[in-house]
Each structure stands twice: as C-alpha cells, then as structure tokens.
Amino acid sequence: VCFDILRHEEFEEGCKATCNGPYDGKWSKTMVGFGPEDDHFVAELTYNYGVGEYRLGNDFLGLTLQSSQAVSNAKRLGWPLTEVGKALYLAEAPGGYRFYLVDKEQPPNDPVQKVCLAVSDLQKSTHYWSSLLGMKVIERHEEKTVLMGFADTQCKLELHNIGGTVDHGTAFGRIAFSCPREQLADLEALMTKENQKILTPLVSLDTPGKATVEVVILADPDAHEICFVGDEAFRQLSQMDPSGNALLAKAMAEDKSDDWFAKHNKQKASA
C-alpha cells in the first residue's frame, strides 16, 4: 500500500500497559504511515515472538485510504482486490485486516481517511466519543453509522452499528491519540466521575534509548481500547528514525523463533 517505515523498536518483556496485548515475553512494534506521526495517521504493527496466530474478531471493520497508486500497486502485484463501490476496492492484509482503497489521486495531506470500528449501541457510543472524549460529529447515516473527528484535517473515526455483540478476538488492537500531558490526569478524573472503565491509570512507559511517555488507557462501551499519550514526550519518541527500515530488516533476519519451535517439535501459541 506504500506506507513508510517510521520507526522500529524491540522490547525484551511485555508492556505494563499491555501495548502488545496480554502477552509476556519478547515483542516488537513497527510504526508505519504516509508521513510523520505528528500530523499523519499511523499504524502500529505489533509482533509477539511467541505467538503464531491470532483469532480475529468483528471489532475492527477496516481502514480507508485514498490512493490510486495503492490500487495500481495491488493490481501489479496480483494482490486480490474486490470492487465494492464506485472507485472503491477492498483488499485484505495477510492477517485478515480490511483496507478500503479509494481509486483517486492521493491528496497532499494524509491519504488515510477513516478508521471504522464496530459498536453494539450507536447512541451510547456516540455519546461516549463526543460528549466525554470531545470528538465532533461530522455525519450521521440513520441508525447505522456516525462519522466523527477531532479536526477536519485529521483521519476520521467511523462507528458502525452491527446490532450485536462486539467480539475483539485475541489481537487486542487499540486507538491512540496524543494530547497535552496536563490533560491526562483531568481525563482520568472525568472517566472516574462518569463511572467509565479505565484500563490503565496514568502511568509512565519507557522505550529503550528514547523518551519516556505518560499514558492513560480507557475502554469505551464496547471495550474498544483507547490510549491517550502526553504529547510533549510523544513528539520526542515519535521522531522518524532514518534507520527504521534497517532495524526492521535486522530483526526479521535474526528472528529464529520459528526455527526454535520447529527444533523442539512445538508450535507457536495460537492466541
């Protein structure tokens, strides 16, 4: 799809804020996007060395991006595409995650247009994300979808009513936002006052050789995980690393976990 590798980081043990899911042991994260994290939507690809596969749920319904180049790339590589609308194609990543590709010229700003999450009660979820978290409602489509955002220039969040239970599977993704550090304690206090779920109270997270950031992690009415991170330290942590590609290539070349499991006649765990 033409995301850039923005940075790659390795960790020897599980994250105390479950950034890698509820798994112990060595893991890594790779940040990918169309530009710097400061003003682009980016995806965090998490790899747990001891986990061989995850069970997908119905919680994450897809990521939409506008790029005729991405459509051309998929066709050139023989990647399966399904036309689902006018100039709109569906592609699935190797893990089964959905990408909707709008076959139009890539805009000068971030081509990632929206992320779609499943919800069981559209009214309750809209109240949570707008009244409590401060997102602006941009569009409503009957009782089916609501499009929201913090700013017109940023990637949007679409809530889609599936009319049933939201299943998160075992991959444990989360949505993250940065905000001024001074707002984190206030946000936690608001959620406590409103009897909303706080998964991780205000905590500091270390990244070897990089900035320490502070985060608060919440859960919305359907248990979608939402991480708010202090912006000041995050701007330091999220600097694009010119060696990101090389670090990722090195980690993949040195990853002998499949060989180790095969040698010991074992299989990686299915999460």
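## A hairpin to start with

Let's begin at a turn in the chain. Strands β7 and β8 make a hairpin, with five residues linking them. In that turn sits Gly 96, whose phi is positive, at about 100 degrees. Please keep in mind that this is a predicted model.

How do the two arms of the hairpin run? β7 (residues 88-92) pairs with β8 in the antiparallel sense, and five bridges connect them. One place to look is Glu 92, which stands opposite Arg 98 in β8.

## A parallel neighbour

Strand β8 (residues 98-102) also pairs with β5 (residues 60-66). Here the strands run parallel and are joined by four bridges. To find this pairing in the picture, look for Leu 65, whose bridge partner in β8 is Leu 101.

As you trace these strands, a general point helps: side chains in a regular strand alternate between the two faces of the sheet.

## The whole chain

Now step back from the strands. The chain contains six helices and 17 strands. Its radius of gyration is 19 Å, close to the 18 Å that the globule rule gives for 271 residues, so the chain is as compact as a globular protein of that length. The C-alpha trace spans about 55 × 45 × 35 Å along its principal axes.

Which share of the contacts with a separation of 6 or more links residues 24 or more positions apart? The share is 60%.

## Inside and outside

Of the 271 residues, 43% count as buried. The accessible surface is about 14900 Å², and carbon and sulfur atoms account for 51% of that surface.

For charge, the chain carries 27 positive and 40 negative side chains. The centres of these two sets are 3 Å apart.

Definitions and conventions: Residues are numbered from 1 along each chain as its sequence is written. This is a predicted model: local features need pLDDT of at least 70, side-chain atom pairs count only at pLDDT 80 or more; totals for chains, interfaces and linings use all residues. Side-chain values use heavy atoms; hydrogens and water are left out. Helices (H or I, at least four residues) and strands (E, at least two) are DSSP runs, numbered from the N terminus. The radius of gyration is taken over C-alpha atoms; the globule rule is 2.2 Å times the number of residues to the power 0.38. Buried means under 20% relative accessible area, exposed over 50%, partly exposed in between (1.4 Å probe, protein chains only). Contact means heavy atoms within 4.5 Å. Accessible areas come from the Shrake-Rupley method with a 1.4 Å probe; for residues, only the protein chains shown count as cover. Lys and Arg count as positive and Asp and Glu as negative; His and the chain ends are not counted. The place of a charge is taken as NZ of Lys, CZ of Arg, CG of Asp or CD of Glu. Two strands pair if DSSP finds at least two bridges between them.
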